Amino acid sequence: MTDSFAVNKANWDERAVLHAASPDYGLARFAADPAHLSGVVRFDRPRLGDLTGLRGVHLQCHLGTDTVSLSRLGAAMTGLDFSGAALAEARRLASAAAADIDFHEANVYDAVDVLGAGRFDLVYTGIGALCWLPSAARWAAVVAGLLRPGGRLFIREGHPMLWAHDEGANPAVLRYPYFEHAEPLVFDDPETYVAVDRPIEHGLTHSRNHSLGEIITALLDHGLTLTAFTEHDSVPWNGWPGQMVRDEDTGEWRLKDTPSRLAASYTLQAVKTG
């Protein structure tokens, strides 16, 4: 487990600098337009509801684009990530966007020790986060530990059905585990999911899938009650290159041919009941 986090940290430290300069992240728009929201938060705006005055924490916050967006919707936000390079970019973004956000560098599994138990009304996890964690159950324990009674988890994530496919095949084929697996999937890929000006040198990553049943059961086991669950036929990046098209209105990608064949992402909400 430690090796996986170390391997992934080297990858994300490098990605952070490249992502911050990418036009796809569009960091300058946050400073130019005080009402600008990230595409991910904008997509789920109807489901997020009124965040005014809520104490929120964004786990695995990366560059902080979603964190700043949630702050603009009225939440008092904290961000946590294991990449110091990503947090340096996130702090610059928050400063430029005039957003008062408290950022912390830590492994997500250490979040309760770093931030304190029962402090938050909202735990938010953005898309493309859970695949970097070995255990859904341990993650759910962290979520439960951070939330006050009655507090809410909000997660938008890539669907495990999407992660189980080999996107490099045309058409994409089922290749990888759908269910959680002890040993990581090991990839060495010089590319990332946005346009960047050079290949990634630290391309080695360790990832794992977690089934919907495993994620939901982990939350139930740790005292949360599922309150909403929606599956989507779209995802914010080109998940199957050559087989997806971009919706210009939402910025989301879905299959060109019969998009209803693929659950590409989901939005899940749960409340801590105990």
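## A walk through the model, starting at Arg 208

Select Arg 208 first: you'll find it in the loop that runs between β9 (204-207) and α10 (212-221). Bear in mind as you click around that this is a predicted model.

Now show the side chain. Does Arg 208 have a salt bridge partner, or does it go without? Arg 208 is buried yet has no salt bridge. Glu 183 is the nearest side chain of opposite charge, and it sits 5.9 Å away. A salt bridge needs the atoms to be within 4 Å. Look instead at His 181, whose backbone oxygen lies 3.5 Å from a polar atom of the Arg 208 side chain.

Next, light up what surrounds Arg 208. Leaving aside neighbours within four places in sequence, its contacts include Ser 4, Leu 130, Cys 131, Leu 133 and Pro 134. His 181, Ala 182, Glu 183 and Pro 184 are in contact with Arg 208 too.

From Pro 134, hop along to Ser 135, which caps the N-terminal end of α8. One of its side-chain oxygens lies 3.3 Å from the backbone nitrogen of Ala 137. Then select the whole of α8, residues 136-146. Which residues here are buried? They are Ala 136, Trp 139, Ala 140, Val 142, Val 143, Ala 144 and Leu 146. While you have a helix on screen, remember that an α-helix has 3.6 residues a turn, so residues three or four places apart point the same way.

Another helix to pick is α5, residues 65-72. Since 7 of its 8 residues are buried, α5 is largely enclosed by the rest of the structure. The buried ones are Thr 65, Asp 66, Thr 67, Val 68, Ser 69, Leu 70 and Ser 71. Just keep going to Gly 74, which follows α5 and has a positive phi, near 110°.

Now jump to Val 235, in the loop between β10 and β11 (244-246). Its relative accessibility is 0%, so Val 235 counts as buried. Not counting residues up to four places away in sequence, Val 235 touches Ile 127, Arg 156, Leu 162, Met 244, Glu 252, Trp 253, Ala 264 and Ser 265. Try a distance from here to Gly 64: the two are 171 residues apart in sequence and 19 Å apart in space, C-alpha to C-alpha.

Finish on the surface. Select Leu 226, in strand β10 (residues 224-232). Is Leu 226 buried or exposed? Neither quite: it is partly exposed, with a relative accessible area of 36%. Add Leu 220 and Phe 229 to the selection, and with Leu 226 they make a nonpolar surface patch of about 240 Å².

Notes:
Residues numbered from 1 in each chain as written. Predicted model: local features only at pLDDT ≥ 70, side-chain atom pairs only at ≥ 80, totals over all residues. Heavy atoms only, no water. Helix = DSSP H or I, 4+ residues; strand = E, 2+ residues; numbered from the N terminus. Buried < 20%, exposed > 50% of the residue type's maximum accessible area, 1.4 Å probe, protein only. Lys, Arg positive; Asp, Glu negative; His and termini not counted. Polar contact = N/O pair within 3.5 Å; in protein donor to acceptor, adjacent residues only side chain to side chain. Contact = heavy atoms within 4.5 Å. Patch = residues over 30% accessible without salt bridge, like charges linked within 9 Å, V, L, I, M, F, W, Y side chains within 5 Å. Areas by Shrake-Rupley, 256 points an atom, 1.4 Å probe, with all protein chains shown as cover.
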